[in-house]
Amino acid sequence: MYSLSFATRGFILGMVLLCGSAHAMTGIVGEATTLGKAAVPLIGPWKFRLGDNPAWADPRFDDSEWETVELTPPPGAHDDDVGLSGYVPGWGARGHAGQSGYGWYRLHLRVASSTSDSLVLAGPPAADSSYQVFWNGSLLGQDGDFHSTPPKVVSIQPHLFPITQGRTGGEQAQDIVLAVRVWMAPWDLGDAQGGGMRIAPTLGTASGIKGVYTSQWIETLRGYIVEVIEACGFAFFCFSVWLLGRIEHTTRYNWLCAAFLLTGAYRLNQAVFAWTQFESVPMFEIVSLGLLYPLSLSAWTVGWSRLLNIRNVYWARAFTVVTILYVGSSLVGSMPLLRSSTTLHIAVTSVRLFYLVSTCCLLYLLIRSKCRSRALLCVLVVLASVGQFAPELSAIGVPGIWFPFDTGVSRAQFAYALFFICAAVALWGEFLHIAERKATRVESLDGGDAVAIPMKGRAL
């Protein structure tokens, strides 16, 4: 079934449930909007200005000289990550490229409610990077923490900000100024179109806006549910490979187990960051990009080498030094002030090139080996590397995200899904082979002609 965009759903909901005389909200004082059980996207026209001044929240402030901004999304518009609908370009695409810091939006409304139901504002479910909302000069709510300088940035989530009847004037139309103060962090400058509100807020009655709020959360949850599924998959295969090592009385699978755990933790932390506000953006980058991501790549490379029984002492020492350098550079590079350091970028790029060359060499050795399942193992190495070397693949123009069913699915997620299928086949075959070897050993002990095959040290 064709999936309607968020803006379209909001418009239809408003038209169906609107009670009394209602006009589309234009943001121009003088056109009263009477809200029944309705929800109306506040697409503008908004007044906009870069900079910061507490007086700009005052409804009496003259903003006639400010820029005019529309937040009307193009048909089928969505963000380029998880598929949030109703997405619009930020101030970077409106003549303010390369500008971070504060910006203000102001919208003039004349609002009346035809029911006793209180009004509620659904905050913008996407903004760069934190925001505060003011209703006629009073702070209504925020996403992030503006008590510190600069503000603490967390993941932007759907929010409902209740408005009491005393703030709306009941059935009598009242002039309202809705002001949104946005702070864009310097690290969001990587998006040339970033800055400010990326999805329009929505105004409606408490009962009328429930569907909008629920729809926003469904999109947010749906966008990261694959990460949770993959984390569970990696945990399952970690246990399976650990069990295989216990049966074969070998420790050569331990590094692969570590790779499964670290990669699963990295994928899971993305969902935790998006669904909760436990981590700030800097904390998330330290945990995920500074620790889990480089350590998982290291564990994969060592895991494949141990699978091939490569135990060269010089390579091991070099690999230890490179891993420490990678983790150290990633941790320092995740700090906001050093994020754009050219030296750190060169260091991380050089280390990742070392890992890439090492993985290619291991793949070559695996192809030339006499391992029973070398073809399947080669596929596993390639699929795991697609997820681990995503930046390098993007640099050569390989598409990174697709949007089946209006939900963003990354190249790494597709690769890991295929990895799970191939890994299940490989492990199933290995466990069957172990059962056959045990049966053969039993027959040999019973006086049969079969010859037992030692179990320890056998490659997959």
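This passage describes a helix, the salt bridges, a contact between distant residues and the aromatic pairs of a predicted model.

The model is predicted, and local features were accepted only at pLDDT of at least 70, side-chain atom pairs only at pLDDT 80 or more, whereas totals for chains, interfaces and linings use all residues. Residues are numbered from 1 along each chain as its sequence is written, and side-chain values rest on heavy atoms, with hydrogens and water left out.

Helices and strands were taken as DSSP runs (H or I of at least four residues for helices, E of at least two for strands) and numbered from the N terminus. Helix α6 comprises the 27 residues 342-368. The expected span of a helix is 1.5 Å times one less than its number of residues; for α6 this gives 39 Å, in agreement with the 39 Å between its end C-alpha atoms. Residues were classed by relative accessible area as buried (under 20%), exposed (over 50%) or partly exposed (in between), with a 1.4 Å probe and protein chains only. The buried residues of α6 are L344, A347, V348, V351, R352, Y355, S358, T359, L362 and L366. Their cover includes α4 (281-307), α5 (313-333), α7 (374-388) and α8 (390-395), where contact denotes heavy atoms within 4.5 Å.

Side chains of opposite charge can pair when their charged atoms come close. A salt bridge was defined as a side-chain nitrogen of Lys or Arg within 4 Å of a carboxyl oxygen of Asp or Glu, and ten were counted by this rule. One of them joins D63 to R106, with an N to O distance of 2.7 Å. This pair links distant parts of the chain, since D63 belongs to the loop between β3 (46-50) and β4 (67-69) and R106 to strand β5 (residues 101-113), 43 residues apart. D63 is buried at a relative accessible area of 5%, and R106 is buried at 0%.

A salt bridge of 2.9 Å (N to O) is formed by R267 and E227. Because R267 lies in helix α3 (residues 254-275) and E227 in helix α2 (residues 210-248), the pair ties together parts that are 40 residues apart in sequence. Both R267 and E227 are buried. Salt bridges with shared partners also join D128, D191 and R198 into one network. Within this network, R198 and D191 meet at 3.2 Å, N to O; R198 is buried at 2% relative accessibility, whereas D191 is partly exposed at 33%.

A further approach of distant residues involves I434 of helix α9 (residues 411-445). I434 is buried, with a relative accessibility of 4%. Its C-alpha atom is separated by 8.6 Å from that of I247, although the two residues are 187 residues apart along the chain.

Rings of Phe, Tyr and Trp (its six-membered ring) were paired if their centres lie within 6.5 Å, with planes under 30 degrees apart counted as stacked, over 60 as edge-to-face and the rest as tilted. The whole structure holds 29 aromatic pairs. Among them, F48 and Y105 form a tilted pair, 4.9 Å centre to centre with 45 degrees between the planes. With F48 in strand β3 and Y105 in strand β5, the pair ties together parts 57 residues apart in sequence. F48 and Y105 are both buried. The pair of F419 and F420 is edge-to-face, at 6.3 Å centre to centre and 70 degrees between the planes. F419 is buried at 2% relative accessibility, and F420 is buried at 14%. Ring pairs further link F419 and F420 into a cluster with F234, F236, F237, F260, W300, W304 and Y416.
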